Amino acid sequence: MAEMLETRELRMVYQDGKQEVVAVAGVDVRFRRGEIVGLFGPSGSGKTTLLSLLGCILKPSSGSLRLFGKEVTSLGEKALPAVRKRFISFIFQGFNLFPALSVLDNVLLGLRIKGITGEEAEQRALRVLEEVGLSERSTFLPRDLSGGQKQRVAVARALASDCPLILADEPTGNLDHANGRNVMEILRTLAHEKGRCVVVATHDNRIDDIFDRILFMEDGSITKETDDINKLRLMRELTTSSLR
Ligand SMILES: Nc1ncnc2c1ncn2[C@@H]1O[C@H](COP(=O)(O)OP(=O)(O)OP(=O)(O)O)[C@@H](O)[C@H]1O
Ligand SMILES: [Mg+2]
């Protein structure tokens, strides 16, 4: 599989008043085309911060980030929005839907931000809404959808923009089991059948079998990594019992 994203000694230190908080403490990690990767770890371990660095929303304090072999960290602030627009889609827990816009218009707005408008945008939006099973609800407002349906609109938006890298922060956090799995299965299909790279930060142990690979974060570092789900479950049991 081709390398899409690679970090070296990536570090993020927040200034919290007089105190420094090391949120990401020198992470070396690689992500490839066609894989879906789970980022697990306790609250405060640095998952959201790492995703924000990978997505070029935050500039790291030090270290490097290479996207398709090109160094991104040395680019100026002005160049980053263009990188994000072309390569990266985000899915957040809170859905980020505009309440006054229909399902279709929410997807179209996501496309407009990426510079895609007109007939092409409309066709794409309708196609992806069909892919996530929401064709019949394209004229609904978000308030008339269930949590799972709203999250699928957010996934449709990521799908429509056709970006190679999809970063999701707690995408199943507000969903019941069936809806959570449904959203994750769509994301897995995107990775496996469309060659996207999908990275998901989550606490949701019920979806751990979806991932090709799992990274476990503690105190800003990736402390464990496995592609074996049974090992992961054992690891988690050991971590939980050591905390008791
Ligand atoms: N803007 C900020 N300013 C100062 N400290 C921050 C900021 N954002 C996060 N932190 C701190 O950085 C550390 C990592 O936070 P982060 O949100 O990345 O963790 P997380 O693993 O996503 O947690 P959760 O599972 O609760 O979402 C925490 O100690 C947090 O308090
Ligand atoms: Mg978080």
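**Notebook: a loop residue, two sheets' worth of strands, and the empty spaces**

I began with R33, which I found in the loop between β2 and β3, the latter strand covering residues 36-40. I am working from a predicted model, and I keep that in mind for every entry below. I looked up how open R33 is, and its relative accessibility of 41% makes it partly exposed, because that class takes in what falls between under 20% for buried and over 50% for exposed. I then noted a partner that is distant along the chain: A191 stands 158 residues away from R33 in sequence, yet their C-alpha atoms are 7.4 Å apart in space.

Next I turned to the strands on the N-terminal side of that loop and beyond it. I traced an open sheet of four strands, which follow one another in the order β2-β1-β4-β5 with antiparallel pairing. The edges are held by β2 (19-32) and β5 (70-71), and since each has a single partner strand, one side of each is left without a neighbour in the sheet. I checked the β5 edge and found that its antiparallel pairing with β4, residues 62-67, runs over two bridges; in one of the entries for this pair, R66 has E71 of β5 as its bridge partner. I also followed helix α1 (residues 47-54), which lies across β1 (3-16), β2 and β4, and which runs at about 125° to β1.

From β5 I went on to T73, which sits in the loop between β5 and α2. Is T73 buried or exposed? I found a relative accessible area of 16%, so T73 is buried. Leaving aside residues up to four places away in sequence, I listed its contacts as K59, P60, G63, S64 and L65.

T73 came up again when I searched for enclosed space. I found one cavity of 30 Å³ or more, and the largest cavity holds about 60 Å³. Its lining is made up of L53, C56, L58, K59, P60, L65, V72, T73 and L80, and I sorted these by class into seven nonpolar, one polar and one charged residues.

I then looked at open space, where the largest pocket has about 460 Å³. Of its 21 lining residues, F90, G110, I113, K114 and R157 are the closest to the centre. Which elements supply at least two residues each to this lining? I noted α2 (80-87), β6 (88-92), α3 (103-113) and α5 (147-160), with β6 giving the largest share, five residues. By class, I recorded 12 nonpolar, five polar and four charged residues in the lining of this pocket.

As β6 had drawn my attention, I followed its pairing and found that it runs parallel to β7 over five bridges, where S89 has I166 of β7 as its bridge partner. Strand β7 in turn pairs with β8 (residues 197-201), again in the parallel sense and over five bridges, and here L165 is matched with C197 of β8.

My last entry asks why β7 (residues 165-169) counts as largely enclosed by the rest of the structure. I found that five of its five residues are buried, so the description follows from that count. L165, L167 and D169 point one way from β7, whereas I166 and A168 point the other way, and I noted that all of them are buried.

Key: Residues are numbered from 1 along each chain as its sequence is written. Chains are lettered from A and ligands numbered from 1 in the order in which they are written. This is a predicted model: local features need pLDDT of at least 70, side-chain atom pairs count only at pLDDT 80 or more; totals for chains, interfaces and linings use all residues. Side-chain values use heavy atoms; hydrogens and water are left out. Two strands pair if DSSP finds at least two bridges between them. Contact means heavy atoms within 4.5 Å. Axes are lines fitted to C-alpha atoms, for helices over the stretch in contact, and angles run from 0 to 180 degrees between N-to-C directions. On a 1 Å grid over the protein atoms alone, a cavity is a set of points where a 1.4 Å probe fits but cannot get out, and a pocket is an open set with protein on both sides within 12 Å along at least five of seven lines; lining residues have an atom within 4 Å of a point. Grid points are joined across faces, edges and corners, and a volume is the space filled by probe spheres set on the points. Ala, Val, Leu, Ile, Met, Phe, Trp, Tyr, Cys and Pro count as nonpolar, Asp, Glu, Lys and Arg as charged, and the others, Gly among them, as polar. Buried means under 20% relative accessible area, exposed over 50%, partly exposed in between (1.4 Å probe, protein chains only).
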